[in-house]
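Let's take a friendly walk through this structure together. Keep the sequence and the 3D view open as you read.

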Amino acid sequence: MLLRHTPQEISERSALTINPAKTCQPIGAMYAALGIRGCLPHSHGSQGCCAYHRSTLTRHYKEPISAATSSFTEGASVFGGQANLLQAIDNIFTVYDPEVIAVHTTCLSETIGDDLPQIFDKAHKEKKVPPGKTLIGAPTPSYVGSHVTGFSNMVKAMAAMAEKGERKNGKINIIPGWVEPCDMEEIKRLAALLGVSVNMFPDTSGVLNAPMTGEYRMFPEAGATIADIRDSGNALGTLALGEWCSAEAARLLDSKCKVPCSILDLPFGLSATDRFIDALRTIAGTVVPEEVMVERGRLVDMIADMHQYLYGRKVALVGDPDQLLAMTEFLVSIDMQPIHIVTGTPGKRFEERIAEITAPMGRPVNVRAKGDMFLLHQWIKNEGVDLLIGNTYCKYIARDEDLPLVRWGFPILDRQGHQHFPTVGYRGGLRLLEQMLGALLDRKDRDDPESQFELVL
Amino acid sequence: MAPTDSAARRPPQEIKEKLLEKYPPKVARKRAQQIMINEAQGTTPPEIVANVRTIPGIITMRGCTYAGCKGVIMGPTSDIVNLVHGPIGCSFYAWLTRRNQTDAINDSGANYITYCMSTDMQDSDIIFGGEKKLAAAIREAYDLFHPKAIAVFATCPVGLIGDDIHAVAKRMKEEFGDCNVFAFSCEGYKGVSQSAGHHIANNQVFTHVVGKSETVKTDKFKINLLGEYNIGGDGFEIDRILDKCGIKNISTFSGNATYDKFASANQADLSCVMCHRSINYVADMLETRYGIPWIKVNFIGAAATAKSLRKIAQYFNDAELTARVEAVIAEEMPEVEKVCQEVYPRTAGKTAMLFVGGSRAHHYQELFKEMGMKTLSAGYEFGHRDDYEGRQVLPHIKVDADSRNIEEIEVEPDPLLYKPRKSEEEKAALEKEGLAFKEYEGLNPAMDPGTLVVDDLNQYEAEKLVELLKPDLFCAGIKEKFSIMKMGIPMKQLHSYDSGGPYAGFRGAINFYREIDRLVNSRVFGYIRAPWQENPELSATYVWE
């Protein structure tokens, strides 16, 4: 038993987090920044932060993650990191020549109170930023919120670059939220099918699922361009996917450039995708094309065909708020029973919305924002489940409790596919179903007695 | 073997210049001192600048002091509760990511390696101080797990806001009575790399744990194995061999370690140092306080393993032990040689580069040599000058401001427990026979003339080296892995071994030969270009038949 010290009896903890269901802000900012074309993310703090974020993102994507650091020493920690950041900006533009440096702070630089706008100003005055190049900065104190907050803060910093011109550009901004590169691609594909001209940022597709070509390109020809991000101020409107990941940026675009916004759930599963497609249809003033209807029909078809294996199955879930809301809704809609739901990211609204979504189940549900995986495990020990959905760390719970596991979320360190096969949209819903059914039916085949072992399921 | 064509074509000086040409002048000047052409062989190896600050903005391979302390040294211990005081990230990223194996069948039946614990500091803790929360978290961990020990690790903001973690630890230890609580001031900004964290960890484990065991170790040939982290099961393989020889490893620092094993280290009669960089401080302190001499060993490479076993036998100077060691080597080597000969025709003449750690860039050259492979360039991520040039340079190393911040603890002989295991005469006699105490000759003498030794290699230089020298294999860590692979060059992680291991000892050598054979002869890099890219011009239209 690898988690043999986890007791069934739950004691409330006030100070100790065990097996967290979140990590810190800067890694989210780094991921978001990689969705800008020609961008080198930069971590303003000790070099260990940058090393850890790069390592985790690399393990998740099996792709090179380039990012630089201010490499604070004890002196910088006492006197401030301005000199380090100025030197870093100079070195980065000289050696790596990116279009953009996206700087995020850390708990260290936030605690000492380094002021990014002031340092950027000095960098410009000292001509350390070559003409046409851009600096973006986002405050991402690690002691507030979670990695999701950091993602949101970097996306907000992108939105802050928006400029309002004379004319609307005829496009819709889509802020896709913290989804995989392939999910971003899928969202663009769906929008294109509905004839909506889209300006998406950030966009990691093509950056973090790049082909092997025999050549290493630190800056692949992919990602949202600075010109497009600036132009987002001229859009007809913004669709922000995910309250936690994307809403702040959308609201800023609204207040700064008068671009109206709708905040939707991430389009995972049937109903959330329906709302996304409906929003696109309304914006485009068009009918939903047959192709999309066929995709939707296929998802409904598989739910109907396999309903007997899904009905009433209890599920425990752990992940990030936007993902969990959509996934919980999907599970409820296919008559599964999500009964233990944990995120590490704070937010009262999360618990309220889960309560609303699970109300039709007519039974109590354990839900916790600012929870951890230790608590989730204890809940499972007190009421068992048929399926566990979450990141790779769940495999320790799955092994100890002998549970089928679907890996979904961040980080996934031990399986492949998440960067290539989307789980958003109707086709993504099919993939989620395929994964859940695969896990449940593999377990059934393993556990059924020989007399009841069946060829056809 | 002769170097590859591309390497032969380019003199090392030219390569060095190419590595530096794009840098701003100040950066170029600094990097020039950290890139050394291995020219002077023999008595005085050339000087290299190492253990100096990383240059801001230059994409480094290095991590931080916390990573060296919590991640490297304390991370592999199974029955100590490791509690990180700070925002959540630091604990999260060091959670099970280093492939330290543990059998968790140890003296206390406890294994906390799978648990990630943190005080998850919030902004209110930063503003009002986090000591109360830390004390409460230690109490909660104690109530839940009742461990033998709780280790507390400081992250960057802790030092800045002035939380006195040592006072909190001391108070809690006194309160509990049956749980040792101690703390590490390993804030990430200290020092210049992981190396400072190793030193801090060495000091605190030595101060708070070593010598505290009540268990008396009665084995005849007792050693400590220092600087072995059981990545991919290396420590298991070394212990298998030692057990077979009748040598008892009573305390590994810190692969598969337990509290009691650390605490018993003072009972060994010899300390064997694997990774000199990360653990030499403990080796020195064990000698000063308890009279345990140390020797450098290396269990990476079959010949190196045999040599290290013989050194241990030589130290104990026992005919039966010597015979047993020889018998074990004779028993183990045929299988090793068989596999080596099997892969040799496919690996001989291939070239490698190694940029990793504070010892592995040196140790792994043994295995490559056995396979007939040549190391074109190597260097450490966080080594010091003595790891490159040998310990004779120690008196000449200038202590800079960054190193001065790291506490040096004064150790005196223990009034009760100090017992020199060998008299000065015995040591002198052994030295005369060729057994060197407290000696490490460093990486440079192991490298061929004209090869490049590069300290703190960065992303840009790595790419340039690969482009200019086109090695058949590149070894570094996870952050470097995929940019090298995208260039079509096989890449092996030598921090965590990707997925393989063990690579230490005899069976480890066999695993490594097979793994490297797989990598340097893989077909996959031949698929990068599509068939039609080879003949892009249409010379005829397709005729359907």
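## A guided walk through two chains

Asn317(B) has 14 C-beta neighbours inside 10 Å, so it counts as partly exposed. You will find Asn317(B) in the loop between α14 (302–316) and α15 (319–347) of chain B. Its backbone deserves a look, since Asn317(B) is not a glycine and yet has a positive phi of about 55 degrees. Most residues other than glycine have a negative phi.

Before going further, please bear in mind that this is a predicted model. Its scores are ipTM 0.98 and pTM 0.97. For chain B the mean pLDDT is 94, with 95% of its residues at 70 or more.

Chain B offers another such backbone at Lys470(B), also not a glycine, where phi is positive at about 40 degrees. This residue sits in the loop between α20 and β13 (473–476) of chain B. Is Lys470(B) buried, partly exposed or exposed? With 16 other C-beta atoms within 10 Å, Lys470(B) is partly exposed, because a residue counts as buried at 20 or more and as exposed at 12 or fewer.

Now turn to the place where the chains meet. Chain B brings 64 residues to the contact and chain A brings 60 residues. On the side of chain B that touches chain A, the elements giving two or more residues include the helices α4 (65–74), α7 (131–145), α20 (459–469) and α21 (478–486), along with the strand β3 (117–118). What is the make-up of this side of chain B, in nonpolar, polar and charged residues? It divides into 35 nonpolar, 15 polar and 14 charged residues.

Strand β3(B) is worth following across to the partner chain. Two bridges join it to strand β1 (residues 17–18) of chain A, and the two strands run antiparallel. Within this pairing, Ile18(A) stands opposite Met117(B) of β3(B).

Further along chain A comes helix α1 (residues 25–33). Nine of its nine residues are buried, so the helix is largely enclosed by the rest of the structure. Among the buried residues of α1(A) are Gln25(A), Ile27(A), Met30(A) and Tyr31(A). What covers them? The cover over the buried residues of α1(A) includes β2 (39–44), α2 (47–61), β4 (100–105), β5 (134–138) and α7 (147–159), each of chain A.

Next, step back to see chain A by its domains. The domain assignment gives domain 1 (25–159), domain 2 (172–290) and domain 3 (305–451). Taken over C-alpha atoms, the centres of domain 1 and domain 3 of chain A are 34 Å apart. These two domains are in contact through seven residues from domain 1 and 10 residues from domain 3. On the side of domain 1 that touches domain 3, α2(A) gives the most, with four residues. By class, that side of domain 1 has two nonpolar, four polar and one charged residues. Helix α2(A) thus appears twice on this walk: in the cover over α1(A), and in the contact with domain 3 of chain A.

Two peptide bonds in chain A round off the tour. The bond from Phe201(A) to Pro202(A) is cis, with omega near -10 degrees, and Pro202(A) lies in the loop between β7 (198–200) and α9 (226–231) of chain A. Another cis peptide bond joins Phe410(A) and Pro411(A), with omega about -5 degrees. Pro411(A) lies in the loop between β14 (405–407) and α17 (425–447) of chain A. Most peptide bonds are trans.

Conventions. Residues are numbered from 1 along each chain as its sequence is written. Chains are lettered from A and ligands numbered from 1 in the order in which they are written. This is a predicted model: local features need pLDDT of at least 70, side-chain atom pairs count only at pLDDT 80 or more; totals for chains, interfaces and linings use all residues. Ala, Val, Leu, Ile, Met, Phe, Trp, Tyr, Cys and Pro count as nonpolar, Asp, Glu, Lys and Arg as charged, and the others, Gly among them, as polar. Two strands pair if DSSP finds at least two bridges between them. pLDDT is the predictor's confidence in each residue, from 0 to 100. Domain bounds come from an automatic or database domain assignment.
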